[in-house]
Amino acid sequence: MENIVDELRWRGLIEQFSDEEKVRELFSTPQTVYCGFDPSASSMHLGNFVMISLLMRLQRAGHRIIALVGGATGMIGDPSGKSKERNLQGKEALRANTASIRAQLERFLDLEDPRKGIILNNYDWLGEMALIDFLRDYGKYFSVNYMLSKEIVRSRLEAGISFTEFSYQILQSVDFLRLYDTEGCRIQVGGNDQWGNLTSGLELIRKARGEEASCAAMTARLITRADGKKFGKSEDGALFLDPKLTSPYKLYQYFINCTDEDAVRYLKVFTFLGKEEIEAIEKEHLASPGMRFAQKRLASEVVSLIHGEEARKDAIALTEALFSGKVEGLSKEQLDEIYLGKEEILVPAGTPVLDALILVGMAPSKTQARTLLSQGSVSLNGRRIEPSEWEGLRLEEKDALPGKRLLFRKGKKNYYLATLGD
């Protein structure tokens, strides 16, 4: 690729430029680029990883990156994409979240040399700023009319927006100005819902430092599924980067089950495979769609990138065991990966298998449970329950897997996990 912008466009990552010609001109030489990350939760999710991977691509292209954790702006809450006021978090919770987000960023970005990349916290300059200084040094550059023109504000006017959230765009603008002055940062990137905040930053730099200040901003396209629904949500909720919240197995399952159209698109967005290799994968996939070649490669690449090679191998082994029904050798840790994020279901020892199917949610009534068992449609821990044996079967410890887990199966993909109680 002649310019990193060309690659980002091919991958379908970029939505808007403040000035595409200027962005291309800036990226023709090494630049310092920054992106902000909101510590409103203890872990980032797959949507955030789009921005992390964008920084990784820019860094690999020879640019210096700054990952900015919003330890101060997180106390206010970004109104972008929100239909109502956020609940403000306490300082201790935000400190913990900020530390957690920073640790996640350190896993993916090259920070060994500060000339290549650094992580900063905007609390270091916003946290102790006096109100009078904020109003005199920064607020004077923003007219109320300009701030009201931003979509993030206009969309909230009817329902109401507090002065606190109304001021958010100024705070984020101060970040860009600060990094422009101290780090020579001339480009800010963010999700497309951040467009109003990014352009406000450009406005502040232009007014405070003069028209000759050459800066730019660009936004990443918000990733959606082929059906138009929001990307990165499973039936159990958001897919987090923290393996304690979303297991590598669950992450693997999300990508292995995506559509053919999404699989090829996501290979461009989430992996670092080159253009020729992705096109070869697409060609092989289209030749035999039933083999799900693109989905398998996508899931494998993403889990390896986010969680490492051992997690990738484990996710594949667990997937193959569940698909084949040969689950007898699964460890307690592997079984816990399936359970992660779901409410634990307890089946008391001695429970008839008929009642257990209702407890785990496989059947809504004894009549339907009885039908499934009579048809031989249920397996327990990899072994089919024969129609002739279920009536006398009561679940005991000898029937359980490690950790007293009970793994029921209906059909090829429908698994129900429970724990045998005392």
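These legends accompany a set of close-up views of a predicted protein model.

**View 1. The whole chain, as a starting point.**
Before zooming in, here is the overall setting. The C-alpha trace of the protein chain spans about 85 × 50 × 40 Å along its principal axes, and the chain has 19 helices and 13 strands. Of its 422 residues, 49% are buried. The accessible surface comes to about 20300 Å², and carbon and sulfur atoms account for 49% of that area. If you look at contacts between residues at least 6 apart in sequence, 72% of them join residues at least 24 apart. As for charge, the chain has 57 positive and 61 negative charges, and their mean positions are 2 Å apart.

**View 2. A salt bridge within helix α2, between R24 and E20.**
Side chains of opposite charge can pair when their charged atoms come close. Here the side chains of R24 and E20 meet with an N to O distance of 3.2 Å. Both residues lie in helix α2 (residues 20-27), where they are 4 residues apart, about one turn of the helix. R24 is partly exposed, with a relative accessible area of 26%, and E20 also counts as partly exposed at 26% relative accessibility. In the model as a whole, the count comes to 25 salt bridges.

**View 3. A salt bridge between a loop and a strand, E344 with R405.**
The closest N and O atoms of E344 and R405 are 3.3 Å apart. E344 lies in the loop between α17 (332-339) and β9 (346-348), while R405 belongs to strand β12 (residues 405-410), so the pair ties together parts that are 61 residues apart in sequence. How exposed or buried is each partner? E344 is partly exposed, with a relative accessible area of 47%, whereas R405 is buried at 9%.

**View 4. Sequence neighbours in a salt bridge, D399 and K398.**
The side chains of D399 and K398 meet at 3.3 Å, N to O. D399 is buried, with a relative accessible area of 17%, but K398 is exposed at 69%. For a wider look at charge pairing, salt bridges that share partners join D6, R9, E20 and R24 into one network.

**View 5. R292 and its positive phi.**
Most residues other than glycine have a negative phi. R292 has a phi near 50°, a positive value in a residue other than glycine. The residue sits in the loop between α14 (275-287) and α15 (293-307). R292 is partly exposed, with a relative accessible area of 29%.

**View 6. The surroundings of H285 in helix α14.**
R292 appears again here, this time as a contact of H285. H285 is buried, with a relative accessible area of 1%. Which residues does H285 contact, leaving aside its neighbours within four places in sequence? They are D260, R292, F293, A294 and Q295. The C-alpha atoms of H285 and Q295 are separated by 8.8 Å, and the two residues are 10 apart along the chain.

**View 7. N381, another residue with a positive phi.**
N381 is not a glycine, yet its phi is positive, at about 55°. Where does N381 lie? This residue is in the loop between β10 (378-380) and β11 (383-384). N381 is buried, with a relative accessible area of 7%.

**View 8. E391 in the loop between β11 and β12.**
E391 is exposed, with a relative accessible area of 69%. The C-alpha atoms of E391 and L354 are separated by 7.8 Å. Along the chain, E391 and L354 are 37 residues apart.

**View 9. A nonpolar patch on the surface, formed by L131, I132 and L135.**
Together, L131, I132 and L135 have about 310 Å² of accessible area. I132 has its place in helix α6 (residues 131-137). Is I132 buried or exposed? With a relative accessible area of 54%, I132 is exposed, because exposed means over 50%.

Notes
Residues numbered from 1 in each chain as written. Predicted model: local features only at pLDDT ≥ 70, side-chain atom pairs only at ≥ 80, totals over all residues. Heavy atoms only, no water. Patch = residues over 30% accessible without salt bridge, like charges linked within 9 Å, V, L, I, M, F, W, Y side chains within 5 Å. Areas by Shrake-Rupley, 256 points an atom, 1.4 Å probe, with all protein chains shown as cover. Salt bridge = Lys/Arg side-chain N within 4 Å of Asp/Glu carboxyl O. Helix = DSSP H or I, 4+ residues; strand = E, 2+ residues; numbered from the N terminus. Buried < 20%, exposed > 50% of the residue type's maximum accessible area, 1.4 Å probe, protein only. Contact = heavy atoms within 4.5 Å. Lys, Arg positive; Asp, Glu negative; His and termini not counted. Charge placed at Lys NZ, Arg CZ, Asp CG, Glu CD.
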